[in-house]
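Trainee: Could you take me through one part of this protein up close? I'd like to look at the place where the two domains meet.

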Amino acid sequence: MLTCQAQNHPQLKKQGTAVQLTVKGKPFLVLGGELGNSSASSLPYMKDIWATVKQMHLNTVLTPVYWELLEPAEGKFDFTLVDSIIYQARRHDLHLVLLWFGAWKNSMSCYAPAWVKKDQQRFPRAQKQDGSGLEILSAFSHNNLTADAKAFRILMKHVHEIDAAYSTVIMVQVENEIGMLTEAREHTAAADAAFNDQVPAALLDHLNKHKEEIVPELKQHWGANGYLTKGTWEQVFGKGLATDELFQAWYYTTYTNTVAREGKAEYPLPMFVNTALNYKNVKPGEYPSAGPLPHLMDIWQAAAPAIDILSPDFYNPYFKHYNDLYTRRNNPLFIPEIRFEPSDGAKAFYAIGHYNGIGFSPFSIESTDKPAEEPVAKSYEVLRQLTPVILAYQGTGKIDGALLDTTNTKQDIPAGKYVLSVAHDGTLGWSGIPRAQWGEAGGIIIQTGEDEFIVAGTGIVITFATTDKTTPIAGILQADEGEYVNGEWAAGRRLNGDQTHQGRHIRIPMGTWGIQ
Ligand code: N0T
């Protein structure tokens, strides 16, 4: 039975067009929140946080594991913090996603232990073109890689020992927001030598093999009319910052893959990397470059088979835009960070319903005085009830999400012989709330039968049209509000009259959350 247990660790599995996380053999939806960077370094500080996140209906906490505190002296590991966090999470019936703050944290190497930071000969830093050093460990150093990967491997071995039977820990993030600054690539002697060397055949082979599918932003880089043939980086991809970034990406990726692979050798949990998204009109080097950015997805996929997911961190408002980009190339959507703000409530529905998202997680989730009042908490309560249904339908084409705001007020969702038109509740003009204060509305729509739908969310109004030319209108036969109790539908009021605008629509008003 040992092998049986070994195969029962959390893993990613395909269901239709979706990829789902399974925990203890069953699909799992991450209703998460990430702790502030320094919170998990102090057990007294953590004390009240568990109650806060429970009030917000989280089922998973994303927590850093700090290399400097895990391995304060070389080869001497201190598991006190990791153990306590795991035991406390378990006691609160919460899962954990561990974030390995190893060699890189938001480009920098601030979480490297003192014995690494102090020995720059043995653990070299990245250098700029003028030879000055950066507070960034070089990706071209075997010593850096070995030290980082070894610590990570020992962490995963330990997590396996204390947690494989419980699956408290369900996924692991490798490093954090990897990205080169303030130049597009490193200029150490080792980096320069690699740059003037041949482009690795593995990369050329991968790009040639996937020529038709690779993302257009990468393809445009060399035209991609013909096949790539061998040469140095500049011979193959041309001279310029874009090539510098691509080169650096390959080496970040191979490095990160080795760290992940070492960890998986002890305990093969699903592993992901997260991304500091760049913004328009900045050059490589000016934004954290060479990380798992949308234009570099193919590089990361080519070099990092041990990384299962490339994740976006949202600190910009372009939610649909970046989710569309990150769901290319068969990449599953997991959002480990999004700025903690009221719109998260609506966005959680959309990520999970529209993109078959594995999970959602506002950053610094403990930063609230009124946890139960947070929009995301209210959405999580609805999503918690609906989880079995959502998981059963993800990947089947019968689930979708809506995300609406003051400029994007209506979304049509085709569903069999119907078209559901989901509009922002503000468009009715019934609430008296000025347009500027509408806020985001969002929901999930699941078609559970030819003529039956479950809708859940906040601030949405749904009308129905028919695509069947022989019936002039689609009306509402029956509308019930209710909740799911242990996965079973428990109907509340039969909604009719004013609640359906006398049979014209289904409505979950702004400022309320519900399931119908
Ligand atoms: C995130 C977080 C934490 C145009 C920032 C976001 C977390 C890291 N970095 O609080 O540091 O560990 O992953 C960087 C996004 C910059 C905002 C750019 C606005």
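**Where the two domains meet**

Mentor: Sure. The C-alpha centres of domain 1 and domain 2 sit 35 Å apart. Keep in mind that we're looking at a predicted model. To place the two parts on the chain, the domain assignment puts 29-185 + 250-390 in domain 1 and 399-515 in domain 2, so domain 1 is written as two stretches of the chain.

Now for the contact itself. Domain 1 brings 21 residues to it, and domain 2 brings 23 residues. People often describe the size of an interface by the accessible area that is lost when the parts come together. Here domain 1 and domain 2 bury about 1,800 Å² between them, and 74% of that buried area is on carbon and sulfur atoms. If you want residues to click on, try Phe-349, Gln-385 and Leu-386: on the domain 1 side, these lose the most area to domain 2, and together they make up 29% of what that side buries.

What about polar links? The rule finds zero salt bridges across the interface of domain 1 and domain 2. There are, however, four residue pairs in polar contact between the two domains, counted with both residues at pLDDT 80 or more.

Next, see which elements build the domain 1 side. Helix H14 (319-326), helix H15 (344-354) and helix H16 (375-393) are the elements that each give two or more residues to the side touching domain 2. H16 gives the most, with 10 residues. Sorted by class, this side of domain 1 has 12 nonpolar, six polar and three charged residues.

While you have the model open, have a look at the ligand as well. Around the ligand you'll find Asn-37, Lys-105, Asn-106, Asn-176, Glu-177, Asn-274, Asp-313, Tyr-315, Glu-337 and Phe-363. Three of these are worth zooming in on for their side chains. An N or O atom in the side chain of Glu-337 is 2.6 Å from an oxygen atom of the ligand. For the side chain of Lys-105, the distance from such an atom to a ligand oxygen is 3.0 Å, and for the side chain of Asn-106 it is 3.1 Å.

Two backbone details to finish. Ser-107 has a positive phi of about 75 degrees although it isn't a glycine, and you'll find Ser-107 in the loop between strand E6 (95-105) and helix H6 (114-117). Leu-181 and Thr-182 are joined by a cis peptide bond, with omega about -5 degrees; Thr-182 belongs to the loop between strand E9 (169-176) and helix H8 (189-196).

Note on methods. Residues are numbered from 1 along each chain as its sequence is written. This is a predicted model: local features need pLDDT of at least 70, side-chain atom pairs count only at pLDDT 80 or more; totals for chains, interfaces and linings use all residues. Side-chain values use heavy atoms; hydrogens and water are left out. Contact means heavy atoms within 4.5 Å. Buried area is the accessible area (1.4 Å probe) that two parts lose on being put together, summed over both. A salt bridge is a side-chain nitrogen of Lys or Arg within 4 Å of a carboxyl oxygen of Asp or Glu. A polar contact is a pair of N or O atoms within 3.5 Å; within protein, one must be able to donate a hydrogen and the other to accept it, and residues adjacent in sequence count only if both atoms are side-chain atoms. Helices (H or I, at least four residues) and strands (E, at least two) are DSSP runs, numbered from the N terminus. Ala, Val, Leu, Ile, Met, Phe, Trp, Tyr, Cys and Pro count as nonpolar, Asp, Glu, Lys and Arg as charged, and the others, Gly among them, as polar. A residue is near a molecule or strand if one of its heavy atoms lies within 4 Å of it.
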